[in-house]
Amino acid sequence: MTQQFTDRQGRAVVLEEITEGNWRDVADVAPTDEQRRYVAALAARYLLLSERGEVWTSLGVRAGDDIVGHVMWAYDDEEGTHWIGGMVVSAAEQGKGVGRATMGAVIERLSDLPECRQIRLSYHPDNTSAGSLYTSFGFRPTGDLEDEEIVMALPVS
Ligand SMILES: CC(C)(COP(=O)(O)OP(=O)(O)OC[C@H]1O[C@@H](n2cnc3c(N)ncnc32)[C@H](O)[C@@H]1OP(=O)(O)O)[C@@H](O)C(=O)NCCC(=O)NCCS
């Protein structure tokens, strides 16, 4: 059964495919200026990455009536692992539980795929907010680094 994910204000947090109706709002999702050292300045960069390649699939994050974030996923068929990337909550929407609800929803979505055995992601070692969020979902370091980022993995049973 699909779980309901909510933020701390009680807004339903759902992942949306990118559509004609939402892509502009998703493209405008932006972190704080300081966080630009960890992620792209605008989610538009990730949307283009998803559009131009055949690797990543972007999703919009809706909380209640508003688009408040972006996340994307990919399948690495050489390693047989799924990846989460491009996780950004709009600066004004951070600290309200949207990131936690988004992680829950994207992990559930990937875990439901029959071939999903392990989910990976990476984060910059200085990005302690992201690191503690991922650790709280059970992600643990693999020992690998990718572009100076710590790679973490979550087994899926
Ligand atoms: C990381 C990010 C996605 C978290 O989203 P969020 O909506 O602010 O997070 P939440 O309010 O759901 O908090 C979830 C957890 O994140 C961590 N966290 C969030 N803000 C934090 C802060 N200011 N300081 C420390 N930890 C923090 C905590 O572990 C928190 O746990 P809690 O639910 O027990 O409070 C968001 O800060 C963001 O978009 N950052 C910029 C982009 C980025 O760094 N993405 C990750 C790339 S790997």
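Visitor: What makes up the span of residues 13-157, and how far apart are its end C-alpha atoms?

Guide: In this predicted model, residues 13-157 are 26% helix and 37% strand, and the end C-alpha atoms of the span lie 25 Å apart. The UniProt annotation "domain: N-acetyltransferase", from an unreviewed entry, covers these residues.

Visitor: Why are strand β1 and strand β2 called a pair?

Guide: Two strands pair if at least two bridges are found between them, and β1 (residues 13-17) and β2 (residues 56-63) have five bridges, so they count as paired, in the antiparallel sense. One of the bridge partners can be named: Leu 15 has Val 61 of β2 as its partner.

Visitor: How do you know that β2 pairs with strand β3?

Guide: The requirement is at least two bridges, and eight bridges join β2 to β3 (residues 66-76), so these strands are paired, and they run antiparallel. Val 61 stands opposite Gly 69 in β3. In the hairpin of β2 and β3, two residues lie between the strands, and Gly 64 takes a positive phi near 60°.

Visitor: What makes the approach of Met 87 to the ligand a polar contact?

Guide: A polar contact is a pair of N or O atoms within 3.5 Å; a polar backbone atom of Met 87 is 2.7 Å from a nitrogen atom of the ligand, and therefore the pair qualifies. By the cut-off of 3.5 Å, two further pairs involve an oxygen atom of the ligand: a polar side-chain atom of Gln 94 lies 3.3 Å from such an atom, and a backbone N or O atom of Gly 95 lies 2.9 Å from such an atom. Of the 910 Å² of accessible area that the ligand has on its own, the protein covers 74%.

Visitor: Which residues and elements surround the ligand?

Guide: The ligand is surrounded by 21 residues, and the closest are Met 87, Val 89, Gly 99, Arg 100 and Asn 127. The space taken by the ligand is the largest pocket. Two or more residues of the shell come from each of β4 (81-89), α3 (98-111), β5 (118-123) and α4 (128-136), and α4 gives the most, with five residues.

Conventions: Residues are numbered from 1 along each chain as its sequence is written. This is a predicted model: local features need pLDDT of at least 70, side-chain atom pairs count only at pLDDT 80 or more; totals for chains, interfaces and linings use all residues. Side-chain values use heavy atoms; hydrogens and water are left out. UniProt positions are given in the numbering used here, feature names are shortened, and annotations may be inferred rather than shown by experiment. Helices (H or I, at least four residues) and strands (E, at least two) are DSSP runs, numbered from the N terminus. A residue is near a molecule or strand if one of its heavy atoms lies within 4 Å of it. A polar contact is a pair of N or O atoms within 3.5 Å; within protein, one must be able to donate a hydrogen and the other to accept it, and residues adjacent in sequence count only if both atoms are side-chain atoms. Accessible areas come from the Shrake-Rupley method with a 1.4 Å probe; for residues, only the protein chains shown count as cover. On a 1 Å grid over the protein atoms alone, a cavity is a set of points where a 1.4 Å probe fits but cannot get out, and a pocket is an open set with protein on both sides within 12 Å along at least five of seven lines; lining residues have an atom within 4 Å of a point. A molecule sits in a cavity or pocket if more than half of its atoms lie within 2 Å of its grid points.
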